[in-house]
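Thanks, everyone; I would like to spend a few minutes on the enclosed spaces in this model. Please have a look at the sequence and the structure before I go on.

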Amino acid sequence: MDLGEAGDSPWGDVPSQLTSKPPTFNQEDSSIKTQDAESSQQSQSSIKSPTGRVPRGPIRRLVAQPTKLEAVDDPLGPLGPLGASTAPEADAQADEPPIPPQKEQMVIRTTMPQPAQKRAGPADPHRIDDEDFDRPAGPRAPPPVQVAHPSPARSSAQPSVSIEQAAKPSFHITVGDPHKVGDLTSSHIVYSVRTKTTSKGYKQPEFEVKRRYRDFLWLYNTMHGNNPGVVVPPPPEKQALNRFESNFVESRRAALEKMLNKIAAHPTLQHDPDLKLFLESESFNVDVKHKERREPIPGESKGVLGSFGINVGGGSKFVEQDDWFHDRRVYLDALENQLKALMKSMDTMVHQRKAMAEAAGEFSASLHALSTVELSPTLSGPLDALSDLQLTIRDVYDRQAQQDVLTFGITIDEYIRLIGSVKQAFSQRQKAFHSWHNAESELQKRKASQDKLLRQGRSQQDRLNQVGAEVADAERKVHQARLLFEDMGRLMRSELDRFEREKVEDFKSSVETFLESAVEAQKELIEKWETFLMQLDAEDDETVFYRPPVYQSHDKSTGRGDTAVDRARATIDEDSD
């Protein structure tokens, strides 16, 4: 086909459009013209081919649509040349699929603010920007959601009680109401043990049982066997003489109460089932007998080591290999000697206070006897008042001696007994060490027997299997004994640290109470003496001192009183007659 017959363009109507309608955009780059020229050449080459003539009709209708967009004022810039190269460009778009998403993406990029220009960090509600006023009217975008951070005010305030302490059950145990029961041969003291607890392992939060001294002793021995390596607070020692004396009963009651509260406050001992049996059982003796039938009391060769089939023997003399335990053992020996010497001095001081109280009582009796025979009321009154003052001094000395025993003396005695309990834990560790080495020596014997059978070369498969099983069992026992020894060492380290902390707290509290009681006693004595001196200074007032009342006798004729002074005067009058 000759292109000259229909004009310069094969379409015929394109030149007329170009001549009738001027181009909308007059300023175009040279690069765009070059691209238009190349696209027109490609479109002409495609029209010359016979395959490109078939879709001529629909192509004209598609080209007419972009020509209507020439008058649209698009602020984004021209989408392409709209001049003479419009038809070739439309032909190129017909061969390639249109890309409308590009136009939408460009609009989104130009209209939405850049996120990189936003200031990082949480939004300040008090900050006012000029952009807020320049922003066009319309629905505002929601503010960005910030990541939730913990409040600094809440994180700075530490909780008063930790989670472990809040979850830990609390116990408040009191031992009181000691009274004597039984006949002359089986008499003993029974105590009322009252418990208040928040533990869910008990039936009720508050209950009370009756216990005697040997029940406390059973609890100590049982818990000591159940928990090797733990320092169990011991009960006070047994006493054969004067065990029903009021002062001794009161000191023992206080020591038993302190023992139970320390056991219940221990993180390991408070979960022992024997403690629950002791505090809660109404038929304690029967329950203990049933328990001993089912589970015998763990003794020297039983307990944790005996439950694994490990022999507990003394073995050779133990030589401590750990310097830390050696130093603690030396320290405990020295501390025990010092506490015993302090306890001896404390007993001497208490005896001296009691002796001073007795001397004050005797002095008061002598003054009272003197005041009864003295005829002058100006002298008998002060003597009788001084006698009453000496009785008050006697009561103060007695009370102070008892308070010294119950405050400072009971703490000294408790830690002497606690050191004995720590030494028992050391002994248990030594037994665990010997059990470990005994298990190792037994393992070596089993291995030697196994090697002997293997060297013989005989077909004794049954014997070899038996010896192999024995070797495996011996290895298991060695492993368990070694783990028990190591665990006991770690447990004893924590127990000794706990012992040191509680020792400092208990002695500090005891010394403070001891000093406070001594100061109060001296203040009371000073007040009594000052009152007495003030009464002595008031010599003109005869009614300052107490005068014995005069009782009328049945003999109304005589009219004599019935006091010691009146009787003495009557005796003098009769003798003079």
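How much space lies in the second largest cavity? The answer, for what is a predicted model, is about 60 Å³. Its lining is made up of Pro-233, Pro-234, Ala-255, Lys-258, Met-259, Ile-410, Glu-414, Arg-417 and Leu-418, and the elements that contribute two or more residues to that lining are α10, spanning 246-265, and α15. The largest share comes from α15, which supplies four residues. By residue class, the lining of the second largest cavity splits into six nonpolar and three charged residues, with no polar ones.

Let me turn to the largest cavity, whose volume is about 110 Å³. The residues lining this one are Val-231, Pro-233, Lys-262, His-266, Tyr-415, Leu-418, Glu-495, Arg-498, Phe-499 and Glu-502, and here the elements giving two or more residues are α15, at 377-456, and α16, at 461-537. In this case α16 provides the largest share of the lining, with four residues. The classes for the largest cavity come out as five nonpolar, one polar and four charged.

If you compare the two lists, you will find that Pro-233 and Leu-418 line the largest cavity and also appear in the lining of the second largest cavity. Likewise, α15 gives two or more residues to the lining of the largest cavity, and α15 does so for the second largest cavity as well.

To place these two in context, the structure holds four cavities of 30 Å³ or more.

Key. Residues are numbered from 1 along each chain as its sequence is written. This is a predicted model: local features need pLDDT of at least 70, side-chain atom pairs count only at pLDDT 80 or more; totals for chains, interfaces and linings use all residues. Side-chain values use heavy atoms; hydrogens and water are left out. On a 1 Å grid over the protein atoms alone, a cavity is a set of points where a 1.4 Å probe fits but cannot get out, and a pocket is an open set with protein on both sides within 12 Å along at least five of seven lines; lining residues have an atom within 4 Å of a point. Grid points are joined across faces, edges and corners, and a volume is the space filled by probe spheres set on the points. Ala, Val, Leu, Ile, Met, Phe, Trp, Tyr, Cys and Pro count as nonpolar, Asp, Glu, Lys and Arg as charged, and the others, Gly among them, as polar.
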